[in-house]
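Trainee: I should be grateful for a close look at a single part of this structure, namely the side of one chain that touches the other. Please set it in the context of both chains.

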Amino acid sequence: MNEGTRFLIVSLGDESYAMPITRLLEIVVPQALRKDTNLTEVFEGKFEFRGKWIPVLNIKKILRLPGKPGTSLLVVNSAKGVLGMLVDAVTEIIDTAQKPVPVPKGVMNPTLQYFGGILRYRDDLILLLNENGLLP
Amino acid sequence: MRSSYLLFLLAERLFGVKLVGAIEILPWRPSRRVPLSYSYVEGLLDYRGNVYPVHNLAQRLGLGRPGPIGFIAGQNEPGTKGQSIILLEENSVPFGIVVDSVMRMMSLEEPAAAPEKVRGVDPKYVTGFSYEEDQEIMILDFERLLHAD
């Protein structure tokens, strides 16, 4: 299996997003997150994962999507370290030969690196979350 | 020199876009919304293997629509009045624009230098005007529209 050909499909509100599965360490349903006032508002708190405290991002807040923070916690290995990301649900894992299409120019401010590209999924387009660009 | 243009209506004004490369005209349809995109970007559309960003041209140009009291800018309800999406490309970059209705293709004299003042539209996005049968056709500069942020 080549790297980057399997993607995790997650839902945020009524839309689906993808993430490369190579970045995923674990999916957990978190017990209470511990609040940490040192973290900025895009974090919901921190979570103890394998004996270490990791920061947990509320992706909906970052992307300005409405609704409560998700209830599934993805633990991912980002370029800036291990972190948690809250999503509404993990829908499926897809296996695809597609190479993500870059987000076209002129769609959003190029300094925002939230999306790593676009994939086709069930007659629709979905955005690939860039776990390295989500951190503030 | 004459070139082929596609004429379309938007906010009751006549516009023209030079025909370069492939062009497609579709009935308006919802596109995939991109969180935190520019306000005038409706989303992304997958059409025949290409991903097109769809620009709400009226909003991009700040064109008003006749409202109950005068003109209200930026109040565009997407797809409500049988709008169309024109898919085209500029310097091989594909993109789509939402227009009220597509009129026809015609050969027009290339517009002269850009005007200094244009009613209701930022002149930096206007290449110039062409005239045909006493009608004024605004020719837009899509390279600037797409990349001037």
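Mentor: In this predicted model, chain A is built from one helix and 10 strands. Their succession from the N terminus is β-β-β-β-β-α-β-β-β-β-β, with the helix placed between two runs of strands. The radius of gyration of chain A is 15 Å, close to the 14 Å given by the globule rule for 136 residues, so chain A is as compact as a globular protein of that length. Along the principal axes, the C-alpha trace of chain A extends over about 40 × 35 × 25 Å. Of the 136 residues in chain A, 33% count as buried. Among contacts in chain A with a separation of 6 or more, 50% join residues that are 24 or more positions apart.

The part you ask about is the side of chain A that touches chain B. Here 16 residues of chain A are in contact with 14 residues of chain B. Two elements of chain A, β9 (115-121) and β10 (124-129), each give two or more residues to this side. The greatest contribution comes from β10(A), with three residues. In terms of residue class, this side of chain A comprises 11 nonpolar, one polar and four charged residues.

The partner chain may now be described in turn. Chain B has two helices and 12 strands, arranged along the sequence as β-β-β-β-β-α-β-β-β-β-β-β-β-α. Buried residues account for 31% of the 149 residues in chain B. Of the contacts in chain B with a separation of 6 or more, 50% are between residues 24 or more positions apart.

Within chain B, five strands make up an open sheet of mixed pairing, in the order β10-β1-β2-β12-β11. The edges of this sheet are β10 (101-109) and β11 (126-132) of chain B; each has a single partner strand, so one side of each is left without a neighbour in the sheet. On average, neighbouring strands of the sheet are turned by 35 degrees against each other, direction ignored. At one of these edges, β10(B) pairs with strand β1 (residues 2-10) of chain B in the antiparallel sense, over eight bridges. Within this pairing, Leu7(B) has Arg104(B) of β10(B) as its bridge partner.

To return to your request, the side of chain A that touches chain B has 11 nonpolar residues beside four charged and one polar, and β10(A) gives the most to it.

Key
Residues numbered from 1 in each chain as written. Chains lettered and ligands numbered in written order. Predicted model: local features only at pLDDT ≥ 70, side-chain atom pairs only at ≥ 80, totals over all residues. Contact = placed C-beta atoms within 7 Å. Helix = DSSP H or I, 4+ residues; strand = E, 2+ residues; numbered from the N terminus. Nonpolar A, V, L, I, M, F, W, Y, C, P; charged D, E, K, R; others polar. Rg over C-alpha atoms; globule rule 2.2 N^0.38 Å. Buried ≥ 20, exposed ≤ 12 C-beta atoms within 10 Å, placed from the backbone. Pairing = 2+ DSSP bridges. Axes fitted to C-alpha atoms, helices over the stretch in contact; angles between N-to-C directions.
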